[in-house]
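User: Could you take a close look at one part of this structure for me, namely the charged side chains that pair up and the cysteines? I am in my first year, so please go slowly and link each step to the one before.

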Amino acid sequence: MTDDLPQGWVEVPLSRIAALNMGQSPPSSTYNTTGQGLPFFQGKAEFGDLYPTPEKFCSHPNKIAECGDILISVRAPVGPTNLCRERSCIGRGLAAIRPHDGIPSHYVLFYFRSIEPWLTTQGTGSTFTQISRADLEEINVCLAPLDEQRRIVAKLEKLLAKV
């Protein structure tokens, strides 16, 4: 695929351009619906068009996603994404992707949304599909030069605002 990329673009494994934080469910005794602690997202069920909507909270989180992290569903189903709006607890159905080196989160989010149909087929398991950390880290990302990433994000946001 690298030969088909525009000049200046590279194809790199996700592990080279982002930190990956796999979710882990805290004890159910720490969940609540009264707003105590951090918003708690367990999977795609809380996802909206761009941001998840908290329904549960966690007073003692194990794994935390930060504002701007890309949330990706890693089990039943594999592939859907959202953007983390605020510091949040993530359960085992999600992973958080945090791009390095000034790479815009929206660029990686839009990239993962563009490969979601393929990514959905990468899950394994008989009861429900899931994808591992190692599998996610090996996903190749087509990376434009930084200025072009910003132009792509701006253009997509402008077009998507019309939809």
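Analyst: A salt bridge, as the term is used here, is a side-chain nitrogen of Lys or Arg that lies within 4 Å of a carboxyl oxygen of Asp or Glu. The model you are looking at is a predicted one, and by this rule it holds four salt bridges. One of them joins Asp-69 to Arg-98, where the closest N and O atoms are 2.8 Å apart. This pair links distant parts of the chain, since Asp-69 sits in the loop between E6 and E7 while Arg-98 belongs to strand E10 (residues 94-99), with their positions 29 residues apart in the numbering. Asp-69 is buried, with a relative accessible area of 2%, whereas its partner Arg-98 is partly exposed at 36%.

The loop that holds Asp-69 brings us to another salt bridge, in which Arg-87 pairs with Glu-66 and the closest N and O atoms are 3.1 Å apart. Here too the pair links distant parts of the chain: Glu-66 is in the loop between strand E6 (64-65) and strand E7 (70-74), and Arg-87 is in the loop between strand E8 (78-83) and strand E9 (88-90), 21 residues apart. Arg-87 is partly exposed, with a relative accessible area of 42%, and Glu-66 also counts as partly exposed, at 28%.

A further salt bridge is found within a helix, where Arg-150 pairs with Asp-147 and the closest N and O atoms are 3.3 Å apart. Both residues lie in helix H5 (residues 146-162), and they are three residues apart, which is about one turn of the helix. Arg-150 counts as partly exposed, at 43% relative accessibility.

Now we can turn to the cysteines. A disulfide is a covalent bond between the sulfur atoms of two cysteines, and here the pair is counted when those sulfur atoms are within 2.5 Å. By this rule the count comes to zero disulfides. For Cys-67, which is in no disulfide, the nearest cysteine sulfur is that of Cys-84, 6.7 Å away. Cys-67 counts as exposed, with 54% relative accessibility. Cys-89 is likewise in no disulfide, and the nearest cysteine sulfur to it, that of Cys-58, is 4.1 Å away. Cys-89 is buried, with a relative accessible area of 0%.

Notes: Residues are numbered from 1 along each chain as its sequence is written. This is a predicted model: local features need pLDDT of at least 70, side-chain atom pairs count only at pLDDT 80 or more; totals for chains, interfaces and linings use all residues. Side-chain values use heavy atoms; hydrogens and water are left out. Buried means under 20% relative accessible area, exposed over 50%, partly exposed in between (1.4 Å probe, protein chains only). Helices (H or I, at least four residues) and strands (E, at least two) are DSSP runs, numbered from the N terminus.
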